[in-house]
Amino acid sequence: MKPLKALEVETGKNPVASIILIHGLGASGRDLAPIAQAFDLRSVGSVRFIFPNAPVRPVSVCGGERMPAWYDLLATDLLLREDEAGLRDAQAYLASLIDQEVARGIPSRRIVIGGFSQGCATSLMTGLRYPLPLAGIAGLSGYLPLAGQTGREATEANRATPVFLAHGEGDTVVPLAAARLARDWLRAEGHDVAWHVYPMAHEIIGAEIADLNTWLIGCLVS
């Protein structure tokens, strides 16, 4: 199963940075595009936003219903049983998008990867294992997949990459406790984790976008 072509948006000519934002279950790259319009990254310069589209697949916790998904969800307890093969496929694809940006002339240290829910999980998984240093990894309303294998698979290049983690205190899809586990693991490994909790459910709100905007500037303005 191959993902659909990614949506790209550039804020000006000759981008100097790339931000790859990855959607969640049942969504599409187009669903996250308005976030790019909400950011004010003029201090960074021209930015290329990339919004990948997940392949359509059956999702076990949804009774086998087919929908856009980066990997299968085998149990409502996201950390109890994980679709390792699907996660590895998503990681390989997202790493190829980073490779593509490097090949287009964007230094890896000028690339941020991030996403919402499943997009958060795949961003953390891919970013921590990527062989070149990234500017940052942003995770919204998600968790750290394959946590038990991450320590030995994480690369030295991204051992201390800054991470933005945001979550809703009323999230009933991905429990806040799962995000706290990710935060604690990342901090123990030496990452600078910007941690934000908001009075929201499994969603993205304006205050969160504003905080992410500030963090992105900190990552990309040298």
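Which residues does leucine 41 touch, not counting residues up to four places away in sequence? In this predicted model, the residues that leucine 41 touches beyond that window are Ile19, Val47, Phe49, Asn213, Leu216 and Ile217. Leucine 41 itself belongs to the loop between α1 (29-38) and β3 (47-53), and with a relative accessible area of 9% it falls under the 20% limit and is therefore buried. Although leucine 41 and leucine 220 are 179 residues apart along the chain, their C-alpha atoms are separated by 9.2 Å.

**Aromatic pairs**

Phe49, one of the residues that leucine 41 touches, also takes part in a cluster in which ring pairs link Phe39, Phe49 and Phe51. The count of aromatic pairs comes to 4, and two of the stacked pairs are set out below.

| Pair | Centre to centre | Angle between planes |
|---|---|---|
| Phenylalanine 49 and phenylalanine 51 | 6.1 Å | 10° |
| Tryptophan 70 and tyrosine 93 | 6.0 Å | 20° |

Phenylalanine 49 and phenylalanine 51 are both buried, and tryptophan 70 and tyrosine 93 are buried as well. The planes of tryptophan 70 and tyrosine 93 stand at 20°, and because planes under 30 degrees apart count as stacked, this pair is assigned to that class. The pair of tryptophan 70 and tyrosine 93 links distant parts of the chain, 23 residues apart, with tryptophan 70 in the loop between β5 (65-68) and α2 and tyrosine 93 in helix α2.

**Packing of α2 with α3**

Helix α2, which spans residues 84-103, packs with helix α3, residues 118-129, at an angle of about 60°, and their axes are 9 Å apart. The crossing of these two helices, α2 and α3, is right-handed. On the α2 side the contact is made by Leu87, Arg88, Ala90, Gln91, Leu94, Ala95 and Ile98, which meet Thr122, Met125, Thr126 and Arg129 in α3. Sorted by character, the residues of this contact between α2 and α3 comprise 6 nonpolar, 3 polar and 2 charged.

**The sheet**

An open sheet is formed by 7 strands, which follow the order β1-β3-β2-β6-β7-β8-β9 with mixed pairing. The edges are occupied by β1 (4-10) and β9 (193-198), and since each has a single partner strand, one side of each is left without a neighbour in the sheet. From one strand to the next, the twist averages 15°. Within the sheet, strand β6 (residues 111-116) and strand β7 (residues 136-140) pair in the parallel sense over 5 bridges, and phenylalanine 116 has leucine 140 in β7 as its bridge partner. Helix α5 (residues 176-188) packs on the sheet, where it touches β8 (163-168) and β9, and the direction of α5 makes about 165° with that of β9.

**Threonine 150**

Where does threonine 150 lie? Threonine 150 has its place in helix α4, which covers residues 147-153. Its relative accessible area is 0%, and because buried means under 20%, threonine 150 counts as buried. Leaving aside neighbours within four places in sequence, threonine 150 is in contact with Leu128, Arg129, Leu144, Pro145 and Trp185. Among these partners, Arg129 is also one of the α3 residues that α2 residues meet. The C-alpha atoms of threonine 150 and glutamine 100, which are 50 residues apart along the chain, are separated by 24 Å.

Methods. Residues are numbered from 1 along each chain as its sequence is written. This is a predicted model: local features need pLDDT of at least 70, side-chain atom pairs count only at pLDDT 80 or more; totals for chains, interfaces and linings use all residues. Side-chain values use heavy atoms; hydrogens and water are left out. Axes are lines fitted to C-alpha atoms, for helices over the stretch in contact, and angles run from 0 to 180 degrees between N-to-C directions. Helices (H or I, at least four residues) and strands (E, at least two) are DSSP runs, numbered from the N terminus. A crossing is left-handed if the near helix is turned anticlockwise from the far one by less than a right angle, and right-handed if clockwise. Contact means heavy atoms within 4.5 Å. Ala, Val, Leu, Ile, Met, Phe, Trp, Tyr, Cys and Pro count as nonpolar, Asp, Glu, Lys and Arg as charged, and the others, Gly among them, as polar. Two strands pair if DSSP finds at least two bridges between them. Rings of Phe, Tyr and Trp (its six-membered ring) pair if their centres lie within 6.5 Å; planes under 30 degrees apart count as stacked, over 60 as edge-to-face and the rest as tilted. Buried means under 20% relative accessible area, exposed over 50%, partly exposed in between (1.4 Å probe, protein chains only).
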